[in-house]
Amino acid sequence: MIRSKKIVVSLLAIVGLAAVLSYWQVKRFAATPLTLQQETIYTLPAGTGRVALEAQLEEQKIIPHSIWFGALLRLEPELATFKAGTYRLEPTMTVRSLLQLLASGKEAQFPVRFVEGQRLKEWLSELRKAPYIRHTLKDDQFATLASALKVEPEQLEGNFFPDTWLYTANTTDMALLQRAHDRMKKTIAEVWQGRADNLPYKTPQDLVTMASIIEKETGVSEERARVASVFINRLRTGMRLQTDPTVIYGMGDSYNGTLTRKDLETASAYNTYIINGLPPGPIAMPGKASLQAAAHPEKTNYLYFVADGKGGHTFTTNLASHNKAVQVYRQTLKEKNEQ
């Protein structure tokens with residue numbers, strides 16, 4: 001009887017020791033670093049169970065092979081509530097932090113940058129190259145996008161907000177474009193509401209068109225409102241805007257990087273050397289700063305400006321002074337080329 005009790009006690013001790021050792025091994029496995037050498041994007045398909053998850057992680061060499069994976073999920077059941085999605089894994093993560101991430105559902109965020117001053121067609125091209133986007137637009141024609149947004153094609157250029165937009169895997173191209181479109185509509189409405197009095201704009205779209213020209217003419221923040229003043233002054237006095245970016249936009253794909261006198265003399269709806277007033281629509285995507293400049297131009301008498309060769313512009317009130325500024329600019333360029 002005594003011998004039997006000793007055997008039972010010994011067996012219980014062995015079982016207890018085995019349980020402690022197993023618990024320790026599970027915890028040790030949970031704290032094991034991932035077998036990654038660099039950041040990795042991992043996609044967990046919908047409907048994946050515990051066994052399949054373990055197999056995937058081992059096959060993709062994300063975690064080391066271990067007999068303790070299933071035990072860890074049983075010991076810490078909150079780690080077993082993993083959600084389908086695409087996740088960003090770091091080499092510094094452990095098995096536990098990996099499972100915590102999968103359980104959190106915090107998917108990887110990917111950036112796509114829509115740059116101010118670019119045209120919509122450039123944005124659409126950038127969107128085509130963005131990873132993990134689900135493309136629903138059959139092509140990048142304006143008519144296709146306009147139909148999806150339920151607007152007229154002429155309401156597209158200039159009407160998407162430039163920013164770095166973050167998205168998760170399988171976000172659609174239209175979802176991103178809709179976000180940018182909605183934010184721009186809201187921004188335009190706010191800027192239009194707060195604009196200065198007596199500006200020569202008939203509609204908010206006129207303001208956006210002016211802002212797009214400002215955006216293309218200068219990247220110097222403190223110059224935007226001054227550039228706006230030149231064009232506003234020209235509109236008020238009946239002078240043509242005579243701005244090269246509008247000509248380039250009107251040339252479309254035929255523009256090869258060089259603007260000739262013939263180009264300036266060739267008629268198009270956007271050639272402001274020939275047409276009076278604003279062109280029929282925006283020529284690029286303006287940022288908020290350019291919208292504000294168009295809505296709040298400086299009060300000046302300037303009618304001309306030309307690059308100064310140093311990143312900014314020289315502003316003048318008359319043609320004679322402008323011609324002198326042009327000569328200074330050409331001389332500056334010549335000196336730079338001779339260095």
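Here are three short exercises on a predicted model, each with a worked solution.

**Exercise 1. Find which residues of helix α2 are buried, and work out how they are arranged around its axis.**

Solution, step by step:
- Start with the helix itself: α2 covers residues 50-59, and its buried residues are L53, E54, Q56 and L57.
- Next, look down the axis: these residues lie on the same side of α2, because they cover an arc of only 165°.
- Now turn to the face pointing away from that buried side, where you will find the exposed residues V51 and E59.
- Then ask what the buried residues pack against: the partners are β1 (40-44), α3 (69-75) and α4 (95-104).
- Finally, step just past the end of α2, where K61 has a positive phi of about 55°.

**Exercise 2. Locate N271 and describe its surroundings: is N271 buried or exposed?**

Solution, step by step:
- Place the residue first: N271 sits in the loop that links α11 (261-265) and α12 (288-295).
- Check its accessibility: the relative accessible area of N271 is 0%, and buried means under 20%, so N271 is buried.
- Follow its side chain, which reaches the backbone oxygen of L264 at 2.9 Å.
- A polar atom of the N271 side chain also lies 2.9 Å from the backbone nitrogen of Y273.
- Set aside neighbours within four places in sequence, and N271 is in contact with V247, D263, L264, E265 and T266.

**Exercise 3. State how the protein is divided into domains, and how far apart the C-alpha centres of domain 1 and domain 2 lie.**

Solution, step by step:
- Read the domain assignment: it gives domain 1 (30-104), domain 2 (109-188) and domain 3 (198-338).
- Take the C-alpha centres of domain 1 and domain 2: they are 34 Å apart.

Technical notes: Residues numbered from 1 in each chain as written. Predicted model: local features only at pLDDT ≥ 70, side-chain atom pairs only at ≥ 80, totals over all residues. Heavy atoms only, no water. Buried < 20%, exposed > 50% of the residue type's maximum accessible area, 1.4 Å probe, protein only. Helix = DSSP H or I, 4+ residues; strand = E, 2+ residues; numbered from the N terminus. Arc of directions from axis to C-beta. Contact = heavy atoms within 4.5 Å. Domains from an automatic or database assignment. Polar contact = N/O pair within 3.5 Å; in protein donor to acceptor, adjacent residues only side chain to side chain.
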